[in-house]
Number of protein chains: 2
Amino acid sequence: MRLSRKAECGTRALLQLAANYGKGVVPLSDIAAREGISVKYLEQLMMPLRKAGLVTGTRGALGGYSLKKPPWEIRIGELLRALEERLEPTDCSGDLPSCERSGRCKARPLWVHLSRAVQRALDELTLQDLLRQGPPVSD
Amino acid sequence: MRLSRKAECGTRALLQLAANYGKGVVPLSDIAAREGISVKYLEQLMMPLRKAGLVTGTRGALGGYSLKKPPWEIRIGELLRALEERLEPTDCSGDLPSCERSGRCKARPLWVHLSRAVQRALDELTLQDLLRQGPPVSD
DNA sequence: GGATATCCTATCACCCAACTATGATTTTTC
DNA sequence: GAAAAATCATAGTTGGGTGATAGGATATCC
């Protein structure tokens, strides 16, 4: 039940962009220095985020990345679904049955239940929420 | 954010034992046949479950496994924590800081929040709940 | 004693996540 | 216009963990 390092680093990178929202672009070299992640690796994380419409990159000198939407409109679930291709706990977490056993499988409802709990936990938070430290709805 | 196959198969195996609770032991060969999992693999799943005090194995002919506690007293979180050594989404999900960045890390509260959501989702269900099909608190 | 089952340890094989490397393209500065 | 700075794209490598098998030791029933 581990989150990939891709998801972890991608989130941290986006938080850096969020902290700079409205103040221009941030080059990956800055984020790399602050977070201790290689530029090359960051580039790979930005690709799916760009395709998901969460960030825009401006090329050339003085270029960099910036959020495409304000931090309070970007849900954590949104960015993690872009970074983590398989966010569900198992293959049997979806609404429609996936394996031939699903009819009589007593465990399937559990995977669905767990998956929903995760989605809910991630979608109730935005980047903005994390910026002002401490999860707002922390039990 | 995938659950290991170990956790998945282990849960299905325990559900078989739960279905037979109070009616004697179940040999792994039975579970193997019903769930399509090899006996040798099941053996490995039973080891941590036994150490966690969830099942007992009786050796010899007519032997097999049985639950050590009634199904309504075994929480899913309990068994998954036994099967999955690292159930937390990241290394930074615990209450005490793990990495040197944790002080200023804006992402850390997120991992804690997510971890708690998962634990809660798993601990609010018992094997018994799964036996009578359909998660009880499925929003 | 033979059959059946759990218990225990070792080992293999493979997949994939985590990077690194290389290069192309675009834009700004001087 | 050249050099530098940055994103964009893809290919390749490698280590570790997971899934699974193998073989045997131990215990129990008939």
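I'll start with the surface near DNA strand C, which by class has 8 nonpolar, 10 polar and 9 charged residues. Please keep in mind that this is a predicted model.

The largest share of that surface, 5 residues, is from H3(B). Of the 27 residues around strand C, the ones that come nearest are Arg5(A), Lys40(A), Leu28(B), Arg50(B) and Tyr65(B). On the DNA side, sugar or phosphate accounts for 69% of the strand C atoms within 4 Å of the protein, and bases for the rest.

Now some individual contacts. The side chain of Lys40(A) has an N or O atom 2.7 Å from a base oxygen of strand C. Gly57(B) places a backbone N or O atom 3.4 Å from a phosphate oxygen of that strand. For Gly60(B), a backbone N or O atom is 3.3 Å from a sugar or linking oxygen.

Next, the protein interface. Chain A puts 45 residues in contact with 45 residues of chain B. The buried area between the two chains is about 4,000 Å², with carbon and sulfur atoms giving 61% of it. Met1(A), Arg2(A) and Lys106(A) supply 21% of what chain A buries against chain B, more than any other three residues.

What does the rule find across this interface in the way of salt bridges? There are 2. Asp91(A) makes a salt bridge with Arg2(B), where the closest N and O atoms are 2.4 Å apart. The interface of chain A and chain B also has 16 residue pairs in polar contact. On the side of chain A that touches chain B, H5(A) gives the largest share, 11 residues. By class, that side has 21 nonpolar, 8 polar and 16 charged residues.

Terms used. Residues numbered from 1 in each chain as written. Chains lettered and ligands numbered in written order. Predicted model: local features only at pLDDT ≥ 70, side-chain atom pairs only at ≥ 80, totals over all residues. Heavy atoms only, no water. Contact = heavy atoms within 4.5 Å. Buried area = accessible area lost by both parts, 1.4 Å probe. Salt bridge = Lys/Arg side-chain N within 4 Å of Asp/Glu carboxyl O. Polar contact = N/O pair within 3.5 Å; in protein donor to acceptor, adjacent residues only side chain to side chain. Helix = DSSP H or I, 4+ residues; strand = E, 2+ residues; numbered from the N terminus. Nonpolar A, V, L, I, M, F, W, Y, C, P; charged D, E, K, R; others polar. Near = heavy atom within 4 Å.
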